[in-house]
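Dear colleague,

I am handing over the structure we spoke about, and below it I have written out what I found. Please keep it open while you read.

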Amino acid sequence: MAQDLPVDPDELRAQVRGKYRQVAVDPGAGFHFHTGRGLASRLGYEAGPVGALPDRAVESFAGVGNPFSLRRLAPGEKVVDVGSGAGFDSFIAAGQVGHGGQVVGIDMTPEMLAKSRQTARALSLGQVQFREGFAEALPVEDGCADVVISNGVINLCADKQAVFAEILRVLRPGGRLQFADIANGRPVPAEALRDIDLWTG
Amino acid sequence: MLQDSGFTDVVTGEPVDTFGGAQGADKARAFQVYGYAFMASRPA
């Protein structure tokens with residue numbers, strides 16, 4: 001196992017990919033987390049932009065917070081979405097940056113990528129594209145992003161310092177990271193941290 | 001961890017009861033797990 005990580009990164013990725021494959025193809029199956037429009041409302045997303053999106057753009061949303069709640073994106077900004085899933089946050093971002101901006105969503109789950117790409121085509125969103133990759137090795141150039149967004153993804157990465165270092169590489173100097181994630185108020189026992197099943201369910 | 005990684009101007013939003021009413025709510029309650037928005041900058 002690399003460094004002193006609590007779980008094997010490849011094994012964790014396989015579990016995460018399996019879980020989110022289910023969320024992509026059968027979003028109503030029932031998970032330990034909320035999904036879809038109800039979740040977006042719960043997390044405080046603006047009703048208008050969410051309501052304007054088709055069901056396929058929202059139904060597999062499984063974020064844990066609202067990365068746009070502390071700052072709205074500006075028109076023309078270039079955005080990278082780390083762990084874009086079925087594209088919900090990328091589509092919200094596209095609406096904020098407009099046609100003069102750019103959004104690159106990156107995900108490792110083929111079913112999520114297929115779904116997000118189909119939705120982008122259906123919505124004729126030319127400023128949005130989706131690429132396959134890992135949070136620790138983003139397939140974009142150094143300093144290309146004004147803003148990096150992410151939602152409920154970094155907690156599912158074994159090596160969080162590697163993810164933050166990669167995001168720092170991708171941001172231009174002065175660029176912003178706006179992300180949502182979970183944090184615990186009580187410490188999780190070391191034994192539980194090593195139980196990979198607890199990371200995804 | 002954000003500051004250790006080189007980010008500055010770190011801002012944390014209010015907690016959100018992300019898992020309330022979901023299947024995972026009991027486990028989330030046990031460890032006081034909530035969702036947060038974060039913002040941080042790469043130094044200019």
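Which residue of β2(B) does A:A183 stand opposite? Before answering, I should say that this is a predicted model. The residue is B:Y34, which A:A183 faces in β2(B). That strand, β2 (residues 33–41) of chain B, runs antiparallel to β5(A), and nine bridges join the two.

This pairing belongs to a wider meeting of the chains, in which 34 residues of chain A are in contact with 27 residues of chain B. On the side of chain A that touches chain B, the elements that give two or more residues are α7 (160–170) and β5 (171–184), and β5(A) provides the largest share, 13 residues. Sorted by class, that side of chain A has 17 nonpolar, twelve polar and five charged residues.

Turning to the interior, the largest nonpolar core has 66 residues, of which A:V79, A:V80, A:V82, A:A93, A:V148, A:I167 and A:L177 touch the most other members. If its neighbours within four places in sequence are left aside, A:V80 is in contact with A:V104, A:I106, A:L138, A:V140, A:A145, A:V148 and A:V170.

Finally, helix α1 of chain A (residues 9–25) has 17 residues and reaches 24 Å from its first C-alpha to its last, close to the 24 Å expected at 1.5 Å a residue. Within α1(A), the residues A:V16, A:Y20, A:V23 and A:A24 are buried; seen down the axis of the helix, the buried residues fall within an arc of 90°, so they line one face of α1(A). On the other side of α1(A), A:D10 and A:G18 are exposed.

With best wishes

Definitions and conventions:
Residues numbered from 1 in each chain as written. Chains lettered and ligands numbered in written order. Predicted model: local features only at pLDDT ≥ 70, side-chain atom pairs only at ≥ 80, totals over all residues. Contact = placed C-beta atoms within 7 Å. Helix = DSSP H or I, 4+ residues; strand = E, 2+ residues; numbered from the N terminus. Nonpolar A, V, L, I, M, F, W, Y, C, P; charged D, E, K, R; others polar. Pairing = 2+ DSSP bridges. Core = buried A, V, L, I, M, F, W, Y, C linked by C-beta atoms within 7 Å. Buried ≥ 20, exposed ≤ 12 C-beta atoms within 10 Å, placed from the backbone. Expected span 1.5 Å × (residues − 1). Arc of directions from axis to C-beta.
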